[in-house]
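User: Please take a close look at one part of this structure and explain how it sits within the rest. I am a first-year student, so plain wording would help.

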Amino acid sequence: MAIVVGLMSAPARATTPSCSTEQGVFWKLFAGGYGFVYGDRNEIPITDHSTSCTSGTDVSQTAHMVLNGVYGNWVESGWQQYNCGITHCFQWFGEWGLNFTTHSYDPKAKACANPGTLTRYEVINVPGTNNWNVWGDCEDGAGWSLIVQYTGTGYQWGTAAGEGSRYGDATLLQNHQNLQWQDATTAWNYATDVACFHDDADGWMGQKDSPSHFEIVAGSASC
Amino acid sequence: MKNLKNLKRQFAFATAVVLVAVGAGFGARELATTTAATAAADIPQTRGPNAEFDHPFADGTAVADLNAAAARLSFKPVLPASVGTPLQIQVHADATPAQQGVGLSFNSKLGHFIVTENPATMSQDELEGLATSCDPMHGCEGSWTVVTLADGTRALAIDSSKSVGVMWLHNGVQYDVYGDPTTFSPTVAETVANAFAAIS
């Protein structure tokens, strides 16, 4: 039987996108042949990204679970940079959707969500259900904080991933590190490897720094 | 080209209001979360991954034909002749045999679309509940409605600026037909769904 690995590639790079246009880099975590996994954890420092856009969201960085491995289905948690007056503001958020269409989106104000803060994000299936809890942690000693619980998503497992997305010409330089996945016993395990599965961000690309760490850097490569 | 494709998919980005849900399974973690509202955007921005309809799976592995896919599945996949030949057939690289499914991508006179067939992980009630739980004030985009296929099966139709499609359950398998709204209409999505439902 002929089998070919089919990574999602992107067409040729284009001009500077508008502030309404979203572009993203998605890398998946490998789970050592376990099968679909039940949770995803990314450690993502909050970074102030430069942009010429003056309204809307600039950047989102997430722990991104691809529900059932279907690219258009997802549940995620992470931080966002958005424009607020003459400066940038930062918040946590959770989101999920099917067929590329958002079902729920939940921003959450968090005083510790500031540039320079090392933060962690999780999306975790509630065992025996199709519900997902999405969490954040500023690693300031306060511990994990629930962002939201999503109920009745239709899915209980998926492919763990990390995502960096931007609108317009925002910079995207970013680390996603200490990448872990959760198994059916709720134990966390470090990713055995990481690899790109989607990249449509002009001028940005992912690079593997270790089996549980990828970085979004300036560059023209796609998956 | 990527940007032109993306621009077609922009639509209003509603101001979001947070309703924090508290449920089971939190252990010793903080449950007292804040309710917050933010002015995240006042320009049109969509959310979620950018749509693309050539590669169904994030963990996709291409196989030669439907028979090659069937050899890996716990159910018999279907492919009606009326929808033509897929450009690509994928199975999951990450799935166990019990989780394994197949994804088909098409780009034909019917439009640019994907069909996935996976072991069902949701109930009929949960499928239909996705329509009633769609709340634009909670970030829900497009329309999520229950429709009835030609064979009487109740299905979920999701139509937005990013995709149009139909999802339904039959004999323990979950089917999902969805495509690029610039080339694939809700009517054609139901026609394709009916073709698959008729032989599944």
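**Helix 3 of chain B and its surroundings**

Analyst: Chain B of this predicted model has four helices and ten strands. Read from the N terminus, its elements follow the order α-β-β-β-α-β-β-β-α-β-β-β-β-α. Of its 200 residues, 56% are buried. Among the contacts in chain B between residues at least 6 apart in sequence, 59% join residues at least 24 apart. The chain exposes about 7900 Å², with 58% of that area supplied by carbon and sulfur atoms.

The part to look at is helix 3 of chain B, which covers residues 124–132. Which of its residues are buried? They are B:Glu126, B:Leu127, B:Glu128, B:Leu130 and B:Ala131. The cover over these residues comes from both chains. From chain A it includes strand 6 (87–98) and strand 7 (101–108). From chain B it includes strand 7 (143–148), strand 8 (154–159) and strand 9 (164–170).

One residue to follow from here is B:Trp144. Leaving out residues up to four places away in sequence, B:Trp144 touches B:Leu130 and B:Ala131, both of which are among the buried residues of helix 3. Its other partners in chain B are B:Cys134, B:Leu156, B:Ala157 and B:Ile158. In chain A, B:Trp144 touches A:Leu98, A:Thr101, A:Thr102 and A:His103.

B:Trp144 also belongs to the largest nonpolar core, which has 51 residues. The residues with the most contacts inside this core are B:Trp144, B:Leu156 and B:Met167 from chain B, and A:Val75, A:Trp79, A:Trp92 and A:Leu98 from chain A. Another core, of 32 residues, lies apart from this one. Among its residues are B:Ile89, B:Val91, B:Leu104 and B:Val177.

A loop residue also has contacts in both chains. B:Ser160 is in the loop between strand 8 and strand 9 of chain B. Is B:Ser160 buried or exposed? B:Ser160 has a relative accessible area of 12% and counts as buried. Not counting residues up to four places away in sequence, B:Ser160 touches A:Thr101, B:Gly142 and B:Pro181. A:Thr101 is also a partner of B:Trp144. The C-alpha atoms of B:Ser160 and B:Cys140 are 10.0 Å apart, and their positions lie 20 residues apart along the chain.

Chain A, which supplies part of the cover, has zero helices and 16 strands. Its radius of gyration is 16 Å, close to the 17 Å given by the globule rule for 223 residues, so chain A is as compact as a globular protein of that length. Its C-alpha atoms fill a box of roughly 45 × 45 × 30 Å along the principal axes. Buried residues make up 66% of the chain.

Two residues of chain A have an uncommon backbone angle. Most residues other than glycine have a negative phi. A:Asn68 has a positive phi of about 60 degrees, and A:Asn178 has one near 50 degrees. A:Asn68 lies in the loop between strand 4 (57–67) and strand 5 (74–84), whereas A:Asn178 lies in strand 12 (residues 174–182). A:Asn68 is buried at 3% relative accessible area, while A:Asn178 is partly exposed at 33%.

Technical notes: Residues are numbered from 1 along each chain as its sequence is written. Chains are lettered from A and ligands numbered from 1 in the order in which they are written. This is a predicted model: local features need pLDDT of at least 70, side-chain atom pairs count only at pLDDT 80 or more; totals for chains, interfaces and linings use all residues. Side-chain values use heavy atoms; hydrogens and water are left out. Helices (H or I, at least four residues) and strands (E, at least two) are DSSP runs, numbered from the N terminus. The radius of gyration is taken over C-alpha atoms; the globule rule is 2.2 Å times the number of residues to the power 0.38. Buried means under 20% relative accessible area, exposed over 50%, partly exposed in between (1.4 Å probe, protein chains only). A nonpolar core is a set of buried Ala, Val, Leu, Ile, Met, Phe, Trp, Tyr and Cys residues joined through side-chain atoms within 4.5 Å. Contact means heavy atoms within 4.5 Å. Accessible areas come from the Shrake-Rupley method with a 1.4 Å probe; for residues, only the protein chains shown count as cover.
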